[in-house]
Amino acid sequence: MRRLSSAKAKFLRTEHTPQMEFRIAETFQKSLENLTNQEQKIVKAKAFDIQLNISGNSNQFHRLDRAKDNNFWSVRVNSDIRIIAHKSGKSVMLTYVDHHDDAYKWAANRVIRKHPKTGAAQIIEVKESSKDTNIWGTSSATLAPDKLFAELDEEQLAAIGVPEEFVFHVQTCDESMFFELTEKLPAEASEKLIEYAAGGISEDDLVLPTPTSQDIELEDELGLNHPDARRRFALVSDEAGLHAALDFPWHKWTVFLHPEQKKFTELSYNGSARVSGSAGTGKTIVALHRAAYLHKQDPTKKILLCTFTKTLAAALQQKLEILLAKDPLALDKIDVFHLEGLASAHLKRNGQNPNIVSKTQLVNFLQRSAQSAEVTNYENGFLLSEWDNVIDDWGIETLQEYTDLSRLGRKSKLGINQRKDLWLIFEETKLLLKKRKLTTWSRIFRELNLAHDKVAQYDHVIVDEAQDISSAELSFLARHYGKKSNGLFFAGDIGQRIFRAPFSWSSLGVDVRGKSNILKVNYRTSQQIRAQADLLLPKKIKDGDNQAEDRSGTISIFRGELPRIILNDDEVSEAQIVSDWIEKQISEGIAPTEIGVFVRTEHQYKRALNAIKKSGNTGVVLNYKLDGDDSSINYGTMHLAKGLEFRSVAVIACDQDALPLHERMRLFTEKADIEEIERTERQLLYVACTRARESLLVTGVGAGSKYLYDLA
Ligand SMILES: Nc1ncnc2c1ncn2[C@@H]1O[C@H](COP(=O)(O)OP(=O)(O)OP(=O)(O)O)[C@@H](O)[C@H]1O
């Protein structure tokens, strides 16, 4: 009879525990990324093998005798590569993968343990370090004249999840070591410290949150189910989940959600709810996960994930395909549309093909109507804006309705006589539209009735970039889906409203009060870029229902270079600056497709293209399919940038008359209207700047846009 080593025997004794749990640690994904494609392939195959045979693969595991944590085991992938797995209780977790010696080295000095205060599992690197030796080899005491966290005692640091080994280093950390330190700490502790250092929280906030009844219910031996741990150690319950984790290891969002993101993903409510947060805080990620989550809860339900432009819908579809790569049935049950696309598809099914009036036609009609009504003291732009935001969007059909209207989104107070004059123009325009059998999207949404269209009967509707929804679109959604359980879910940032005037959602029966919350961790943008872009907007912004959203206290989880804001004498020198910047990005290994160049209007495209060409590259205008070629730099208007992201972004041609756009400003005389335009122009610059992950350049010519002075 062959005797088993005691280690293997112990493994076998525990392996038949019912309902073994399989997990992937974030560190595993990260290490997988560092392997070659070929190596990744065989590691993935082995990972699937482990998952499939979770209760019967003991002979693949070899305990690491010299590791500090005796729950670490190695799994042979080939003669060179080893997976490091952690096994405790009923959980098997892949934690690391590398070439043999490096994998063993990684495991030798690490332990996974439950934080004594917070109860969350953490991976800790345990060095043979005494208190006066810095974890990175230098003496922190001598490096830290301005200690950032000297005021915080051990108790407070423990309450936010700082592991015991790091307490001294946190207490002696200064600004120069700050990010190096926070990168080594568990995310929950880093985030609280970043927030504290940025002045966002006081010492009083650094207390242990009271566990909820659900936390207590989920409590486990190692703390792997703790909400803070789940963002590092993802439970993978099926093959599709493992595919999502392994096929796109750099897309961490597919498996690791912030506890707040998870909360919103799984929120249950009647009617409507909303998740907010400044740019890059993962609202779209919540929208995607929520769609997948609702499908999993009940695969018979139909789900609509929608937004406003084709470009954004294409971006959502791409991400959904990543999240559900191996779950075609789920993909089938989740439709992604931009709202006009949804309406078009419905009309087509009914054999209708509406003739939508173009902007040029509309301006022409308004102009002609003004002449025939002999009311010529209003600019075309003003008429168009009044038409779009008031008459058409709110479906105003009579002078009475117009005079009764409480100017919802519009801030200016048009007197009765002015409205009477203007009504002559709009009434005539309506007639012209009717005569030519033309219509508008707002009219379509107001009249759209999907009651008998089975294809469009959705159980759950999720709307991304909801800050730019029109009243006609919102009332359409509310009519059809607003009363259902988990009917409408909105993700958006009112600080990024760039297309529409604000209006009261509650007046249309959409009440998200008490069912909305704000995400505060920015995953996209470096601390430096985010902090600077935030200077453009007030800390609190009110929505159309007068509800204030507090944007302060948002933190970024990584650092980068400071954004550069440069004013130039002329366009030639601007092109040189931008071209040099592009060359620098490329020399640092950033691919052309990871660079975006944005301008205020299409008229400025030439400036973008000149700079791109000067750097020796080719440029391509961003298109809605997001299928630019593999070697060109994307450029486009700031509006087109919405919802997208690039490693490096240049926002150029920010001249005095471009931001705020002079052509737009001169249409209005009322202070309130001008303020509203100023707000959206500012927000537009904020949107463009926050597309940048690592590097941001903002340029203008001459005196430059006044907003650049706030940004600097
Ligand atoms: N939990 C997460 N883990 C890792 N990365 C994340 C996570 N959540 C979001 N991200 C990443 O952060 C970036 C921003 O996410 P997302 O686009 O969802 O933000 P947003 O709030 O919708 O931004 P915007 O308002 O600018 O459209 C994306 O690159 C996304 O992959």
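This is a short dialogue on reading a predicted model, moving from one helix to a loop, a ligand and the cysteines.

Trainee: Let me begin with helix 13. Which of its residues are buried?

Mentor: Helix 13 spans residues 259-266, and its buried residues are Gln261, Phe264 and Thr265.

Trainee: Why do they line one face of the helix?

Mentor: Here is the general idea. An α-helix has 3.6 residues a turn, so residues three or four places apart point the same way. Now the case here: looking down the axis of helix 13, you find the buried residues within an arc of 105°, so they line one face.

Trainee: What do the buried residues of helix 13 pack against?

Mentor: Their partners are two strands further along, strand 13 (488-491) and strand 14 (516-519), together with strand 9 (272-277) and helix 14 (283-297).

Trainee: Next, the record. Which residues does the UniProt annotation "binding site" cover?

Mentor: The unreviewed UniProt entry gives Gly277, Ser278, Ala279, Gly280, Thr281, Gly282, Lys283 and Thr284. Two of these are good to look at in the model. Ala279 sits in the loop between strand 9 and helix 14, and Thr281 is in the loop between strand 9 and helix 14 as well.

Trainee: Is Thr281 buried or exposed?

Mentor: Thr281 is buried, at 1% relative accessible area. Ala279 is buried too, with a value of 3%.

Trainee: What does each of them touch?

Mentor: Setting aside residues up to four places away in sequence, Ala279 touches several residues, including Asp493, Gln496, Tyr686 and Arg691. With neighbours within four places left out, Thr281 is in contact with residues including Gln261, Leu519 and Thr554. There is also a local polar pair: a polar side-chain atom of Thr281 lies 2.7 Å from the backbone oxygen of Ser278.

Trainee: How many residues surround the ligand?

Mentor: There are 22, and the closest are Phe256, Lys283, Arg524, Glu645 and Arg691. For polar contacts, look at individual atoms. Gln261 places a polar side-chain atom 2.8 Å from a ligand nitrogen. Gln496 has a polar side-chain atom 2.8 Å from a ligand oxygen. Ile285 uses a backbone N or O atom, which lies 3.0 Å from an oxygen atom of the ligand.

Trainee: Finally, how many disulfides does the model have?

Mentor: The count is 0. To read this, compare sulfur distances with the cut-off: a disulfide needs two cysteine sulfurs within 2.5 Å. For Cys689, the nearest cysteine sulfur belongs to Cys654 and is 7.1 Å away, and Cys689 is in no disulfide. Cys689 is buried, at 0% relative accessibility.

Note on methods
Residues numbered from 1 in each chain as written. Predicted model: local features only at pLDDT ≥ 70, side-chain atom pairs only at ≥ 80, totals over all residues. Heavy atoms only, no water. Buried < 20%, exposed > 50% of the residue type's maximum accessible area, 1.4 Å probe, protein only. Helix = DSSP H or I, 4+ residues; strand = E, 2+ residues; numbered from the N terminus. Arc of directions from axis to C-beta. Contact = heavy atoms within 4.5 Å. UniProt positions renumbered as here; feature names shortened; annotations may be inferred. Polar contact = N/O pair within 3.5 Å; in protein donor to acceptor, adjacent residues only side chain to side chain. Near = heavy atom within 4 Å.
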